Amino acid sequence: MAPGIIEILTLVGIAVLGIYYYLTSNFDFWKKRGVVGPQPQALFGNFKDILFGKAHIALQVKKFYDAYPGEPMIGMYAPRGKPILILKDPDCIKDVLIKDFNVFSDRGLYVNKERDPLNQNLVNLEHERWRPLRNKLSPAFTSGKLREMLYLMTDCANHFERYIVEKCLDRHTIECRELAAKFTTQSIGVCAFGLDTKSLDDENSEFRKRGRELFDTSFANVARRTLQEFLPRIYELLGPFKYSRAVLFFARSTKETIDYRKKNGVRRNDFVDILMDIQAQPDKLKNIDFDEKFLAGQALVFFAAGFETSATTISNTFYELALNPDIQNKLRTEIQEEIKNNDGKLTYDGIKKMKYLDMVMKETLRKYPPGSILIRKSGASYTFSAKKVQIPKDVTVMLPVWAIHRDPQIYPDPEKYDPERFSEENEKSRHPMNYLPFGDGPHNCIGSRFANYQTKIGIIVVINKFKLEVCDKTCIPYLIEPRSIVPSPIGGIHLKLSKI
């Protein structure tokens, strides 16, 4: 006998209740531990606005951060009820990043060497494979290595200046993010990979085109990232569609570069050569199958992170200098005096002496940190010193960098752009964990030295000989594109550029 409508509705109701219970059964996780936090929703947790592209994660986390003043930590939930702990207390943050790094040595990001080999990189790898790889790659980023390659950066800087004179001065406005990305793409291509990306010569440069695609906020890109993070099994079913054309282009370019060097005996002692040396001695890296795809994954993440984060920081600096002409003039005076003292040349030590430039860049990174949050995962049961809160293994811990950098209790009037916050005296007055643009501890950004100098050189080139001003198209206020990976403004940064 076929079931009646009442029986069918009853079964559907039971199924719905069962699914609802499954999705919400963990929602008392933080309440049991005495940790406050926003009310989650079934299925979405506290991520609904993020998943639907209504809010950038940096701003959403800041909203939660601001809602609980005085609390050392906040409990929230990812989709499907997964608990996430937001840490506000700087001593707890120090414990996670440095003191108890052995417990929080993993970022807990998606890695699957069989289903997604190109995603195995220094950022994502679990500690067992990350540690030996980090040790092997570190020699590529020493201060000595940076000093050796500075002439390559300055060559790119001279090329950048010529490009501005020839291509930009006759325009009414310039889009600063794209302008800066042309320079950083060329710089990192030459310095780390021995590649002329033609980003400053060819308006249709394949490297620049694919670089834009990597960070594009298209539906396909956003969908891939969302599935990878929250529904990895479905992501893996995408097969070859897991990779965008940009990812495949950079992987192919890395392979072609390595093949050329092997065939022609070329050696430049750069990042690619270090990768090749590691590949040639696989016994030195236990538990790592250093095949072509693994190697390409390292090259891809370094190239992508290197050009995008530096370009964003350069363009954000231009934005603030245009809004604050007094700061721009003071910085220009320092730059011109230091270059004059070095016979018109840009040197490693000369850049190091530019103290105000350092303060300007730090203030930009304070206000616009490219890494707006840091993620760690507990590798064992752990008890935090604040409130004696205990968490089990495999709980995600989030460090809200963007929110910390804009906390008025730490940085008074945080929306104001004030490089003096980073005078030697003011820096000493703050807890070191209240400034984390490159992270801290063993998992800090391996390329921070390179990024520091590349960014400063990009700023120097423009401020030395050109003036930046706001125009009708300048984004005031600065509204963040909710789907961007590195926080950036909707519509870009448009400014007026003129020769001094």
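Select strands E1 (73-78) and E2 (residues 82-87): the two form a hairpin with 3 residues between them. Strands here, like helices, are DSSP runs numbered from the N terminus (E, at least two residues; H or I, at least four). In the turn, pick Arg80, which has a positive phi of about 70°. This is a predicted model, in which local features need pLDDT of at least 70, side-chain atom pairs count only at pLDDT 80 or more, and totals for chains, interfaces and linings use all residues. Residues are numbered from 1 along each chain as its sequence is written, and side-chain values use heavy atoms, with hydrogens and water left out.

Stay on the hairpin and display its backbone. E1 and E2 pair in the antiparallel sense over 6 bridges; two strands count as paired if DSSP finds at least two bridges between them. To follow one bridge, select Tyr77, whose partner in E2 is Pro83.

Now show the side chains of E1. In a regular strand the side chains alternate between the two faces of the sheet. On one side of E1 are Met73, Gly75 and Tyr77, and on the other Ile74, Met76 and Ala78; both faces are covered. Because 6 of the 6 residues are buried, E1 is largely enclosed by the rest of the structure. Buried means under 20% relative accessible area, exposed over 50%, and partly exposed in between, with a 1.4 Å probe and protein chains only.

Next, go to helix H4 (57-67) and select Gln60, which lies in this helix. Gln60 counts as buried because its relative accessibility is 9%. Leaving aside residues up to four places away in sequence, Gln60 touches Asn46, Asp49, Ile50 and Ala55, where contact means heavy atoms within 4.5 Å.

From H4, move along to Glu71, in the loop between H4 and E1. Glu71 forms a salt bridge with Lys387, the closest N and O atoms being 3.4 Å apart. A salt bridge is a side-chain nitrogen of Lys or Arg within 4 Å of a carboxyl oxygen of Asp or Glu. Lys387 sits in the loop between strand E5 (382-383) and strand E6 (390-391), so this pair links distant parts of the chain, 316 residues apart. Glu71 counts as partly exposed, at 23% relative accessibility, and so does Lys387, at 41%.

Continue past E6 to Asp394, whose salt bridge to Lys377 has its closest N and O atoms 3.7 Å apart. Asp394 is in the loop between E6 and strand E7 (396-399), while Lys377 is in strand E4 (residues 374-377), 17 residues apart. Asp394 is partly exposed at 42% relative accessibility, and Lys377 is partly exposed at 25%.

Jump to strand E8 (residues 466-469) and colour its two faces: Phe466 and Leu468 make up the covered one, Lys467 and Glu469 the uncovered one. Add strand E9 (residues 494-499), which runs antiparallel to E8 and is joined to it by 4 bridges. Glu469 stands opposite Lys496 in E9.

Then select Glu481 and Arg483, which form a salt bridge with the closest N and O atoms 3.2 Å apart. Glu481 counts as buried, at 16% relative accessibility, whereas Arg483 is partly exposed, at 37%. For a joined set, select Glu178, Lys182, Glu203, Arg208 and Arg212, which salt bridges with shared partners connect into one network.

How many salt bridges does a search of the whole structure find? The search finds 34.
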